[in-house]
Structures are given as C-alpha cells and as structure tokens.
Amino acid sequence: MRPYIMCHMVMSMNGLVTGDFLWTKESEIASSIYFSLHREYRKNGFDGFVCGRTTMEESFTKGSSWNLESTPNLEALEENQKPFYAVAFDPKGKLGWEKNFISDEDPGYDKCRILEVLSEQVNKQYVEYLKKHQIPFIVSGKDFINVENSLEQMYEKFGIRKLLLEGGSVVNGHFFKANVVDEISLVIVPQVAFGGKPLFAEGTLANFELVKLKQESGCIVCQYRKRV
Ligand SMILES: NC(=O)c1ccc[n+]([C@@H]2O[C@H](COP(=O)([O-])OP(=O)(O)OC[C@H]3O[C@@H](n4cnc5c(N)ncnc54)[C@H](OP(=O)(O)O)[C@@H]3O)[C@@H](O)[C@H]2O)c1
C-alpha cells in the first residue's frame with residue numbers, strides 16, 4: 001500500500017515550473033493562491049508534502065551544511081498531535097537542518113516534522129547526525145531513491161495516507177515515471193516563461209482528466225485526476 005499523491009504546483013502558461021517567472025508580480029499572486037490551497041489541503045486530510053533536495057534547500061535550509069557536532073534544537077510533538085510531514089528526497093544526505101521541525105511564517109508549513117528519504121549512497125555520519133537531531137528517515141534504493149518503495153515505507157512506518165508532491169521538476173519526474181501521481185493541482189500564471197523546467201522532468205499529462213477549473217485573481221486554478 002502507498003499514500004495517495006497529489007502534485008500541487010505553480011506553473012507558467014507554457015508548462016514551466018522553475019525560473020525567473022516565479023519572481024514576477026503575477027507569480028506573487030499565484031503563489032499566494034498556491035499557499036492558501038496548501039493550507040486547505042493540510043487541514044483537509046493530507047499528512048505532509050514532499051520536495052526534492054534542491055527545493056528544500058532553497059525554501060528551508062538555505063544552503064546550511066550539516067554538522068554532527070551541532071547542538072540539536074528539538075521539539076516534541078504535543079500529546080495526540082498528528083504530525084504533518086515535510087518529506088525531503090535527499091539521496092546522499094546533504095540537507096543541514098537546524099531543527100527537527102520547520103518554523104515558517106506560513107501556517108501551512110509551520111511546525112512540519114521533517115522526514116528524510118535517503119538512498120544507500122548516504123554517508124553513515126549523516127545518519128548519525130539525523131539520529132542525534134531526532135529526524136526520522138527512510139532508506140530506499142541504491143543509486144536513486146526507489147519512489148514506490150519509499151512510499152510504501154511512509155505508509156507502513158509513518159501512517160502517511162495522503163501526500164502533496166510540491167516539486168521541483170526533477171522529483172516530480174521521478175514520481176511521474178513511477179506512475180504514482182494520482183491527482184494534479186495547478187495554479188497557472190498568465191505568463192510565458194523562458195528557460196525553466198517542465199512540471200515533470202519526464203512524462204506528459206495525457207492520462208489525466210480535468211475535474212475542476214476556475215479563474216481567481218487573473219490565474220487559472222485547476223485540478224486533474226488520473227484516468228482509471
Ligand atoms: N512552481 C512551483 O510550484 C515550484 C515548487 C517547488 C519548487 N520550485 C522550483 O523548483 C526548483 C528546483 O527544482 P529542481 O527540479 O531543480 O529540483 P528538485 O526536484 O527540487 O530536487 C532535485 C533533487 O532531489 C533529489 N531527488 C529527487 N528525487 C530523487 C530520486 N528519486 N532519487 C534520487 N534523488 C532524488 C536529487 O538530489 P541530489 O542532487 O542531492 O542528488 C535531485 O537532484 C527551485 O528553484 C524552485 O524554485 C517550483
């Protein structure tokens with residue numbers, strides 16, 4: 001068994017999800033719609049979100065390197081608190097977390113419990129660092145992370161039933177190739193972007209049907225579901 005996966009992203013009119021267009025005024029509006037949808041999904045039954053190592057570094061660890069000697073900043077879960085996981089696809093163990101949770105201005109990301117997904121390429125010292133910082137982890141796959149197996153482990157060991165896949169293009173592509181993307185939620189910016197990466201580094205949307213569509217503050221907000 002594996003969690004249900006919804007890929008949730010901001011995208012340009014021409015299907016790109018990275019690059020300079022993300023920092024325009026139009027994308028600022030799209031991002032605020034995106035974050036409000038994320039908060040809604042968090043409230044309504046999703047158990048966490050997944051990002052690739054590059055996105056986690058850009059958004060949360062800000063390029064900090066890990067240090068086995070650093071003093072961990074730990075926070076215990078409140079009694080009966082169901083965790084919302086920030087799942088990092090970090091095959092070699094590069095991310096330097098200062099805490100075992102995320103503090104963020106956005107309530108949709110605040111107090112997320114970090115869960116590291118590693119491959120067998122990881123340095124043993126990084127595993128020690130995670131243990132010391134009480135950051136749970138999964139090891140799956142030899143050179144690359146085995147997406148299906150890592151999802152099965154999340155389901156079995158962490159009780160994760162529904163997961164948001166929030167980029168970037170590379171991690172999305174790995175999920176798409178493994179055929180585990182069940183739904184796609186897009187906020188489309190009315191802008192043509194240059195020089196970015198596509199929604200999925202590999203694969204197309206051919207197997208999905210549109211189930212929701214609306215216009216909001218000049219953006220297109222839509223949802224697609226995999227055809228069964
Ligand atoms: N438009 C949006 O809504 C949105 C959302 C999120 C991010 N972004 C943008 O996306 C950009 C980053 O995207 P990206 O495509 O370059 O990178 P990414 O998907 O964030 O991260 C890619 C990295 O994740 C690791 N990885 C992911 N899946 C793996 C697997 N199955 N096996 C092994 N390693 C795996 C690898 O780490 P190693 O390199 O350590 O091997 C890989 O290089 C950021 O600049 C961000 O602004 C946009």
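Start by selecting H8 and everything it touches: leaving aside residues up to four places away in sequence, the contacts are Y34, L37, H38, Y41, L164, L165, E166 and S185. Keep in mind while you click around that this is a predicted model. H8 itself sits in strand β1, which runs over residues 4-12.

Now switch on a surface and look for H8. Is H8 buried or exposed? Its relative accessible area is 0%, and since buried means under 20%, H8 counts as buried.

Next, show the polar contacts around that side chain. What does the side chain of H8 reach at 3.0 Å? That would be the backbone oxygen of Y34. Turn to S185 as well: the side chains of H8 and S185 are joined by a polar contact of 2.8 Å. One more pick here is F35, 27 residues from H8 in sequence, with a C-alpha to C-alpha distance of 9.9 Å in space.

**Colour by domain**

Zoom out and colour the chain in two parts. Domain 1 is assigned residues 1-47 + 161-228, and domain 2 is assigned 51-158. Put a pseudo-atom at each C-alpha centre and you'll have 22 Å between the two domains. The contact draws on 22 residues from domain 1 and 24 residues from domain 2.

How much area do the two domains bury between them? About 2,100 Å², with 63% of it on carbon and sulfur atoms. To see where the domain 1 side loses the most area to domain 2, select M1, R42 and D47, which together make up 30% of what that side buries.

**Along the domain interface**

Stay on D47 and add K82. These two form a salt bridge, and their closest N and O atoms are 2.3 Å apart. Across the interface of domain 1 and domain 2 there are two salt bridges in total. Widen the search to polar contacts and the count between the domains is twelve residue pairs, both residues at pLDDT 80 or more.

Which helices should you light up on the domain 1 side? Try α1 (25-43) and α5 (169-177), each of which supplies at least two residues of the side that touches domain 2. The biggest giver is α1, with five residues. Colour that side of domain 1 by residue class and you get twelve nonpolar, four polar and six charged residues.

**Backbone oddities**

Some quick background before the last stops: most residues other than glycine have a negative phi, and most peptide bonds are trans.

First stop, G168, in the loop between β6 (162-165) and α5. What is the peptide bond from G167 to G168 like? It is cis, with omega near 0 degrees.

Then jump to K62, in the loop between α2 (53-61) and β3 (85-89). K62 is not a glycine, yet its phi is positive, near 55 degrees. With a relative accessible area of 60%, K62 is exposed.

Finish at K111, in the loop between β3 and β4 (113-118). Here too phi is positive, about 60 degrees, although K111 is not a glycine. Is K111 buried, partly exposed or exposed? Partly exposed, because its relative accessibility is 36%, which falls between the 20% and 50% cut-offs.

Conventions:
Residues numbered from 1 in each chain as written. Predicted model: local features only at pLDDT ≥ 70, side-chain atom pairs only at ≥ 80, totals over all residues. Heavy atoms only, no water. Domains from an automatic or database assignment. Contact = heavy atoms within 4.5 Å. Buried area = accessible area lost by both parts, 1.4 Å probe. Salt bridge = Lys/Arg side-chain N within 4 Å of Asp/Glu carboxyl O. Polar contact = N/O pair within 3.5 Å; in protein donor to acceptor, adjacent residues only side chain to side chain. Helix = DSSP H or I, 4+ residues; strand = E, 2+ residues; numbered from the N terminus. Nonpolar A, V, L, I, M, F, W, Y, C, P; charged D, E, K, R; others polar. Buried < 20%, exposed > 50% of the residue type's maximum accessible area, 1.4 Å probe, protein only.
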